[in-house]
Amino acid sequence: MSTAAVEKPRQVARKFLARPQHEGVGAVVRRSIGRFELRYFDPFLVLDEFSVSAPAGFPDHPHRGFETVTYMLEGAVTHEDFEGHRGTIKAGDVQWMTAGRGIVHSEMPAAPGTSRGLQLWVNLASKNKMIEPGYQEIQSKDIASTTSADGGVTVRVIAGQAMGARSQVSTRTPTMYLDFTVRARAAAPARQPVPASWNAFVYVLEGEASFGDSDQKAVGAHHLALLGQGGDGVEVWNRSDRQLRFLLLAGEPIGEPVAQLGPFVMNTEEEIDATVNDFECGINGFEKAKHWKSQAMIALDLE
């Protein structure tokens, strides 16, 4: 399968190095969206590259008003919530969780050594913020993928479509989530059309990503490159002697006000106040929160 035609590639508008910081209980994350330089990139609220080893992790915590997308790179994470849903995602697996009106859950490492992955928070429009929670879990073997005819570019399609492959994930906020691998000094770049009205960025996992002319400085691992408007897609070259792996994410902007307090994301401060009250009182979606504790919390003897 050949890569799609892109006549006017988007250029890098800004780039950030995602520096390590502590999150959860003993976990380390590299946060590129949701930090002081980039609080929100509509519709994306947070992008974390996380690294965690037992007994550290992300014990019981709530969410409301958005979706979390967990994509495992290495190891495994077990998830459980107050509705009784429990499952483990391993390297290459994806969990797309719609928090909607409310969920309380835990995410804890379930493999020896270090578990690594990415978690993306995708905002929901006001009309969808109070829907029932739900999950889409896709094992690695079921993720759509394809390789270019010359073998230089491979893509795994987490959401959306690329190079003739289409994801089975249904997104309430129109979203593209692609995992590209480009061979060292590949003869052709990775190319992907992106709707002109969508916001888009690239996050480099390994190697160096080059955009446009060869004299421009390449973007290295753990960097996020925000792509400007005005183009019909993305074109990324690998001009180095090492393999390049990067994520391309794009989404249709929601264009609504954002009010956020930690894991609660609504449209107004009044809605945030109501959410805090709902959580503390165990009402309007949080009825089971008061009397539930995850098996991970019990094992850790955490309150």
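In this predicted model, Leu 178 makes a good starting point: setting aside neighbours within four places in sequence, its contacts are Val 155, Arg 156, Val 157, Ala 159, Gln 161, Ala 162, Gln 192, Phe 246, Leu 247 and Leu 248. Apart from the core that holds Leu 178 lies another one, of 28 residues, which includes Leu 47, Ile 143, Tyr 177 and Leu 224. The core of Leu 178 is the largest nonpolar core, with 29 residues, and the members touching the most others are Leu 178, Phe 180, Phe 211, Phe 246 and Leu 248. Two or more residues of this core come from each of β14 (153-159), β17 (175-182), β19 (199-206), β20 (223-227), β21 (233-236) and β22 (244-251).

Several of these strands meet again in an open sheet of seven strands, ordered β1-β20-β19-β22-β17-β14-β13 and paired antiparallel. At its edges are β1 (12-17) and β13 (144-147), each of which pairs on one side only. From one strand to the next, the twist averages 20°. Within the sheet, four bridges hold β19 and β20 in antiparallel register, and Phe 201 faces Leu 226 of β20 across that pairing.

Strand β21 has a partner of its own, for four bridges join it to β18 in the antiparallel sense. Here Gln 192 is placed opposite Val 234 of β21. Strand β18 (residues 190-193) shows two faces: Ala 190 and Gln 192 are on the covered one, whereas Arg 191 and Pro 193 are on the uncovered one. Gln 192 is also one of the residues in contact with Leu 178.

A further open sheet of seven strands follows the order β2-β3-β4-β11-β6-β9-β12, again with antiparallel pairing. Its edge strands, each pairing on one side only, are β2 (20-23) and β12 (134-138). Direction ignored, neighbouring strands of this sheet are turned by 25° against each other on average. Strands β6 (residues 66-74) and β11 (residues 115-123) run antiparallel and are joined by eight bridges; Glu 67 has Val 122 of β11 as its bridge partner.

Strand β11 also contributes to the largest pocket, as do β3 (27-33), β4 (44-52), β5 (58-63) and β10 (103-109), each giving two or more residues to the lining. The volume of this pocket is about 500 Å³. Of its 26 lining residues, Glu 23, Arg 31, Asp 48, Gln 119 and Trp 121 lie nearest the centre. Strand β4 supplies the largest share of the lining, five residues.

Some backbone details deserve a look as well. Most residues other than glycine have a negative phi, and most peptide bonds are trans. The bond between Asp 42 and Pro 43 is cis, with omega about 10°, and Pro 43 sits in the loop between β3 and β4. Another cis peptide bond, also with omega of about 10°, links Ala 54 to Pro 55, a residue in the loop between β4 and β5.

Met 163, although not a glycine, has a positive phi of about 50°. This residue belongs to the loop between β15 (161-162) and β16 (165-166), and it counts as buried because its relative accessibility is 5%, under the 20% limit. Asn 284 likewise has a positive phi, near 50°, in the loop between α1 (269-281) and α2 (295-300). With a relative accessible area of 36%, Asn 284 is partly exposed.

Terms used
Residues numbered from 1 in each chain as written. Predicted model: local features only at pLDDT ≥ 70, side-chain atom pairs only at ≥ 80, totals over all residues. Heavy atoms only, no water. Core = buried A, V, L, I, M, F, W, Y, C linked by side-chain atoms within 4.5 Å. Buried < 20%, exposed > 50% of the residue type's maximum accessible area, 1.4 Å probe, protein only. Contact = heavy atoms within 4.5 Å. Pairing = 2+ DSSP bridges. Axes fitted to C-alpha atoms, helices over the stretch in contact; angles between N-to-C directions. 1 Å grid on protein atoms, 1.4 Å probe; cavity = no way out; pocket = protein on both sides within 12 Å on 5 of 7 lines; lining within 4 Å. Points joined across faces, edges and corners; volume = space filled by probe spheres on them.
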